[in-house]
Amino acid sequence: MIRPFKLNLRHLTKYLLFMKPILSFILTLSSFSLIAQDDCSELFFSEYVEGTSQNKALEVYNPTSQAVDLSDYVIHRYPNGNSNPEGDGLTLNGILAPFGTFIITNGETVDDGFGLIDPALYDLADQVCPPDYPNPLSMNGNDAVTLSKNGVIVDIIGRLGENPG
């Protein structure tokens, strides 16, 4: 025989008094999370690789549900704390799938005295940066790197005008 559920008001009151601070804390955390969360509707750098020799790469992520034409995007390098970019930058090409990544690697495949890129990293590239110096992947740890869309910076690694080295 199944016994009917009997609500004990005294136990319920104790339970609610116990749970109130916990539920309040959870609600507060989730509201901060919603406040702090911006609408992520723009591409951004999701990975920065600066290995030995010319093993350098950047990964760009598309957080949107739409494919993005990359021809509006340019990567610039600001060397050694400069406030102005060096060179013309690298205009990206191709289409970046929704929630997808796009990898740009250094194009140094011939050792000209500064080393060359590992073929395994080179093979991961969706786009290769020309080996001509200066280029955005000539970074050496104290350079800021930006991702711009139609001339407006949408993401940055480092700080413009500051040399951390």
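**Strand pairing, salt bridges and backbone geometry in the predicted model**

Strand β9, which spans residues 144-149, is joined to β10 by five bridges, and the two strands run antiparallel. The description that follows concerns a predicted model, and the values given here are accordingly computed from its atoms. Within this pairing, Val145 of β9 has Ile157 as its bridge partner in β10, while Lys149 stands opposite Val152 of β10. The two strands form a hairpin in which two residues lie between them, and Asn150, located in the turn, has a positive phi of about 50°.

The hairpin belongs to an open sheet of four strands, arranged in the order β5-β4-β9-β10 and paired in antiparallel fashion. The edges of this sheet are formed by β5 (86-91) and β10 (152-157), each of which pairs on one side only. From one strand to the next, the twist averages 25°. In a regular strand, the side chains alternate between the two faces of the sheet.

With regard to the fold as a whole, the protein contains two helices and 10 strands. Read from the N terminus, these elements follow the order α-β-β-β-β-β-β-β-α-β-β-β. Of the 165 residues in the protein, 32% are buried. Among the contacts with a separation of 6 or more, 60% are accounted for by residues 24 or more positions apart. The protein exposes about 10,700 Å², of which carbon and sulfur atoms supply 58%.

Side chains of opposite charge can pair when their charged atoms come close, and the structure holds three salt bridges of this kind. In one of them, the side chains of Arg77 and Glu86 meet with an N to O distance of 2.2 Å. The two partners differ in their exposure class, because Arg77 is buried, with a relative accessible area of 3%, whereas Glu86 counts as partly exposed at 24% relative accessibility. Arg77 also takes part in a salt bridge with Asp143, in which the closest N and O atoms are 3.0 Å apart. This pair links distant parts of the chain, since Arg77 lies in strand β4 (residues 73-78) and Asp143 in the loop between β8 (127-129) and β9, 66 residues apart. Both Asp143 and Arg77 are buried.

The remaining salt bridge is formed by the side chains of Glu162 and Arg159, at 3.7 Å from N to O. Here Glu162 counts as partly exposed, with a relative accessibility of 44%, and Arg159 counts as exposed, with a relative accessibility of 58%. As for connections among the salt bridges, those that share partners join Arg77, Glu86 and Asp143 into one network.

Several positions were also examined for their backbone geometry. Most residues other than glycine have a negative phi, and most peptide bonds are trans. Against this background, the peptide bond from Tyr133 to Pro134 is cis, with omega near 0°. Pro134 is found in the loop between β8 and β9, and Asp143 of the salt-bridge network likewise lies in the loop between β8 and β9.

A positive phi is found at Ser53, where the angle is about 55° although the residue is not a glycine. Ser53 is placed in the loop between β1 (44-50) and β2 (56-61), and this residue is partly exposed, with a relative accessible area of 35%. Asn80, which is not a glycine either, has a positive phi of about 50°. The position of Asn80 is in the loop between β4 and β5, and at 43% relative accessibility Asn80 counts as partly exposed.

Technical notes:
Residues are numbered from 1 along each chain as its sequence is written. This is a predicted model: local features need pLDDT of at least 70, side-chain atom pairs count only at pLDDT 80 or more; totals for chains, interfaces and linings use all residues. Side-chain values use heavy atoms; hydrogens and water are left out. Two strands pair if DSSP finds at least two bridges between them. Axes are lines fitted to C-alpha atoms, for helices over the stretch in contact, and angles run from 0 to 180 degrees between N-to-C directions. A salt bridge is a side-chain nitrogen of Lys or Arg within 4 Å of a carboxyl oxygen of Asp or Glu. Buried means under 20% relative accessible area, exposed over 50%, partly exposed in between (1.4 Å probe, protein chains only). Contact means heavy atoms within 4.5 Å. Accessible areas come from the Shrake-Rupley method with a 1.4 Å probe; for residues, only the protein chains shown count as cover.
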